[in-house]
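The paragraphs below lead through one protein model, taking its sheet, its cores and its aromatic residues in turn. It may help to keep the structure in view while reading.

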Amino acid sequence: MAKKNTSSGQVRIISGQWRSRKLPIHDLEGLRPTTDRVRETLFNWLATDIRGARVLDCFAGSGALCLEALSRYASFAKMIELQKNAANQLKQNLATLQCHNAEVINADSLQVLAQGTTEGFDVVFIDPPFRKALAIKTIELLAAHHWLNNHALIYVETESELTTCNVPANWIPLKEKFAGQVCYRLYQYQQAGSLNAEANESVQD
């Protein structure tokens with residue numbers, strides 16, 4: 001069994017109002033912050049969609065993805081994190097940044113997602129611990145419990161050997177890249193009625 005490392009590391013915000021700020025994180029077992037290179041690519045993909053967006057991070061970890069989104073003026077972020085020390089560090093980092101438009105939930109992500117929500121999200125990050133089939137379960141819960149606003153963008157980061165990612169038919173694949181042991185993909189959710197309307201428009205054109 002691998003020895004747990006509880007020393008502190010850092011996460012750097014790439015751009016936006018907190019550009020170049022470095023914030024502490026706990027190097028807890030299984031905590032795997034998205035690399036700067038991958039984050040830069042992701043936020044290039046999301047460049048026109050982050051400002052004003054409601055953002056959900058299903059496995060917040062270091063908070064790198066949501067903090068980057070908030071720095072780029074997302075309107076609100078909900079971060080779900082199972083490990084108590086990591087969740088507490090997220091709360092401390094938000095306080096350091098004097099950020100009041102974010103919420104940290106210290107709980108099991110699958111249990112939270114199964115409860116559903118009354119307010120959907122525009123951008124969703126799914127970056128779970130690898131090789132535990134958590135991405136697939138998360139996708140199923142998001143689809144079943146109304147977490148997604150129409151045209152929501154969903155980022156999925158998985159181990160590279162997971163060559164296919166089973167998603168609902170109304171999740172339209174937009175981007176896919178590999179970086180070392182990581183595969184990352186971007187989808188857009190289309191409500192069923194929206195899909196039918198767009199199909200009719202294309203026929204008429």
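Two strands are taken to pair if DSSP finds at least two bridges between them. In this predicted model, strand β4, which covers residues 76–81, pairs with β5 in the parallel sense over five bridges, and within β4 and β5 Ile80 stands opposite Ile105. Helix α3, made up of residues 84–96, packs on the sheet, where it touches both β4 and β5, and its direction makes about 165° with that of β5.

What is the strand order of the open sheet, and how are its strands paired? The sheet has seven strands in the order β5-β4-β3-β6-β7-β9-β8, and the pairing is mixed. Strands of a sheet pair through backbone hydrogen bonds, in either the parallel or the antiparallel sense. Because β5 (102–106) and β8 (171–179) stand at the edges and have a single partner strand each, one side of each is left without a neighbour in the sheet. From one strand to the next, the twist averages 15°.

The nonpolar interior can be considered next. The largest nonpolar core has 39 residues, and those with the most contacts inside it are Leu46, Val55, Met79 and Phe125. Helix α2, residues 64–71, supplies the largest share of this core, namely six residues. A second, separate core has 24 residues, among them Leu56, Val112, Leu134 and Tyr189. Returning to Val55, and leaving aside its neighbours within four places in sequence, one finds it in contact with residues including Cys66, Ala69, Phe76, Phe121 and Phe125.

Aromatic side chains add a further layer to this picture. The count of aromatic pairs comes to six, and one aromatic cluster is formed by Phe43, Trp45, Phe125, Tyr155 and Tyr184; Phe125 is also named among the residues with the most contacts inside the largest core. Phe121, which is in contact with Val55, has the charged end of Arg54 sitting over its ring, 4.5 Å from the ring centre.

Two backbone conformations deserve separate attention. Most residues other than glycine have a negative phi. Tyr73, however, has a positive phi, near 75°, and lies in the loop between α2 and β4; with a relative accessibility of 37%, Tyr73 counts as partly exposed. The phi of His151 is likewise positive, near 70°, but His151 is found within a strand, β7, which spans residues 148–159. His151 is also partly exposed, its relative accessible area being 35%.

Notes: Residues are numbered from 1 along each chain as its sequence is written. This is a predicted model: local features need pLDDT of at least 70, side-chain atom pairs count only at pLDDT 80 or more; totals for chains, interfaces and linings use all residues. Side-chain values use heavy atoms; hydrogens and water are left out. A nonpolar core is a set of buried Ala, Val, Leu, Ile, Met, Phe, Trp, Tyr and Cys residues joined through side-chain atoms within 4.5 Å. Buried means under 20% relative accessible area, exposed over 50%, partly exposed in between (1.4 Å probe, protein chains only). Helices (H or I, at least four residues) and strands (E, at least two) are DSSP runs, numbered from the N terminus. Contact means heavy atoms within 4.5 Å. Rings of Phe, Tyr and Trp (its six-membered ring) pair if their centres lie within 6.5 Å; planes under 30 degrees apart count as stacked, over 60 as edge-to-face and the rest as tilted. A charge sits over a ring if NZ of Lys or CZ of Arg is within 6 Å of the ring centre and within 35 degrees of the ring normal. Axes are lines fitted to C-alpha atoms, for helices over the stretch in contact, and angles run from 0 to 180 degrees between N-to-C directions.
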